[in-house]
Amino acid sequence: MILKSLLVTGGAGFIGSNFIRLFLDSHKEIDLINLDKLTYAGNLESLRDVESNLHYHFYRGDISDASLVGRLFHEWHFDAVVNFAAESHVDRSILGPQVFVDTNVRGTMTLLEAAREFGVDRFLQISTDEVYGSLGPSGKFKETTPISPNSPYSASKASADLLAKAWDKTFGLPTLITRCSNNYGPYQFPEKFIPLMIVNAMQDKVVPIYGDGMNVRDWIFVEDHCRAIETVLFNGKVGEVYNIGGSNEVHNIDMAKMILARLGKPESLLKYVTDRPGHDRRYAMDSSKIEVELGWKPCRSFEEGMAETMKWYLQNEKWWGRIISGEYQNYYRQQYGKER
Ligand code: NAD
Ligand code: TYD
């Protein structure tokens, strides 16, 4: 693929902004167009350092807006699309599923249709391990594991994956899908577990643990995920799915205790709260396909990644302070019926 013009959607979010920074740094001649609606999760502060790059172009808009999407395809002649744009939080999908279907399903279809009409060399759909459902105490998700989503979020992401597959099989659109495990790192919105714990503990606020705290997630540092996406974009085989994981399974309660210990905070901040409905017990990814076929593997140890992440939140209180002061308070009040 000769890549001159790349559409990235949802680039003002957590993973998208990390991807854009990494991509612009290593590809000096490619125009990167970031289409983002700037929902509560989108934040241009996360991209301040790339704003002046002449190859970076930002458009505010909705991926479900067919006329805007069509105009951008017409103007920029995209060679490839990386679709990060999504509603991404399971708890929010339980509170209000509609927008998850609007963006994650209808939005993805709008992009697929534009890509079909105008033609692209590659359409990379960014998906998640959550589409596979929940694991018991052993085993890992492989690309061949049947999808079996449990939350409105994961159901909407699985639907998008099926659409991407269908556009490949039926219309010959060259789509690829990556499914990654839980990411952590700089610029993650503090509603997700790791940044929520860091930010709450730093303020001596309660850290909520859902259920018995024994759910397991397979954590990967965001930059390792972004490198995997770059690898699949350039070298992945069209029509294929690639699992990406950190090979780093941690029980939630152990993660919480580790973060408190690193911050020198007492375990009395931990509070067991009512479990999330339909809470998936365990995720674990088998990444052997991308490792063997494309030569990717995570570079950052959990120790290094966590140290970098905690340092970033300690040094960037301005970034998260603005977030937790307003909109997030409303969300928390709505969810738990009380102030944080
Ligand atoms: P995020 O919530 O931090 O960011 C999502 C971005 O999409 C925001 O900038 C938001 O403004 C934008 N957006 C939302 N709706 C939009 C719309 N209709 N049109 C245009 N832009 C819109 O999410 P994230 O954690 O960065 O996740 C990015 C992608 O990676 C998602 O597709 C998610 O499903 C997937 N993923 C996330 C994880 C994780 O651990 N965070 C793991 C695997 C896969
Ligand atoms: P989260 O970051 O929401 O990611 P996901 O649900 O997509 O895996 O949650 C990670 C794990 O942490 C999940 O098992 C739910 C749990 N959790 C808590 O125990 N307390 C919290 O306040 C949050 C947000 C999550």
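Biologist: Why is Ser247 called exposed?

Modeller: Ser247 has a relative accessible area of 53%. The classes are buried for under 20%, exposed for over 50% and partly exposed in between, computed with a 1.4 Å probe and protein chains only. Ser247 is therefore exposed, since 53% is over 50%.

Biologist: On what basis are such values given?

Modeller: This is a predicted model, in which local features need pLDDT of at least 70, side-chain atom pairs count only at pLDDT 80 or more, and totals for chains, interfaces and linings use all residues. Residues are numbered from 1 along each chain as its sequence is written, chains are lettered from A and ligands numbered from 1 in the order in which they are written, and side-chain values use heavy atoms, with hydrogens and water left out.

Biologist: Where is Ser247 found, and what is its phi?

Modeller: Ser247 lies in the loop between strand E11 (241–244) and strand E12 (249–251). Strands are DSSP runs of E with at least two residues, helices are runs of H or I with at least four, and both are numbered from the N terminus. The phi of Ser247 is positive, about 50 degrees, although Ser247 is not a glycine. Asp204, in the loop between H6 and E8, also has a positive phi, near 55 degrees, and is a residue other than glycine.

Biologist: What makes Ser151 buried, and why is Ser134 placed in another class?

Modeller: The relative accessible area of Ser151 is 11%, which is under 20%, so Ser151 is buried. Ser134 has 36%, which falls between the two limits, and is therefore partly exposed. Ser151 is in the loop between E5 and H5, and Ser134 is found in the loop between E5 and H5 as well. In space, Ser134 is 28 Å from Asn18, C-alpha to C-alpha, with their positions 116 residues apart in sequence.

Biologist: Why is Tyr272 called partly exposed?

Modeller: Its relative accessible area is 48%, which is not over 50% and not under 20%, so Tyr272 is partly exposed. Tyr272 belongs to strand E13 (residues 270–273).

Biologist: How do you know that the side chain of Ser151 makes a polar contact with Ser154?

Modeller: The side chain of Ser151 reaches the backbone nitrogen of Ser154 at 2.9 Å. A polar contact is a pair of N or O atoms within 3.5 Å; within protein, one must be able to donate a hydrogen and the other to accept it, and residues adjacent in sequence count only if both atoms are side-chain atoms. The pair qualifies because 2.9 Å is within 3.5 Å.

Biologist: What makes Lys157 a polar contact of ligand 1?

Modeller: A polar side-chain atom of Lys157 is 2.6 Å from an oxygen atom of ligand 1, so the pair is within the limit. Oxygen atoms of ligand 1 also lie 2.8 Å from a polar backbone atom of Ile15 and 2.9 Å from one of Phe84. Ligand 1 taken alone exposes 830 Å², of which the protein buries 97%; such areas come from the Shrake-Rupley method with a 1.4 Å probe, and for residues only the protein chains shown count as cover.

Biologist: Which residues come nearest to ligand 1?

Modeller: Of the 28 residues around ligand 1, Ile15, Asp36, Ser88, Tyr153 and Lys157 come nearest. A residue counts as near if one of its heavy atoms lies within 4 Å. Strand E5 gives the largest share of this shell, three residues.

Biologist: How do you know that Arg217 is in polar contact with ligand 2?

Modeller: An N or O atom in the side chain of Arg217 is 2.7 Å from an oxygen atom of ligand 2, and therefore within the limit. For His89, the corresponding side-chain distance is 3.3 Å, while a polar backbone atom of Tyr210 lies 2.9 Å from an oxygen atom of ligand 2. Ligand 2 alone exposes 510 Å², and the protein buries 97% of that. Helix H6 (193–202) and strand E8 (207–210) each give two or more residues to its shell, with E8 supplying the largest share, three.
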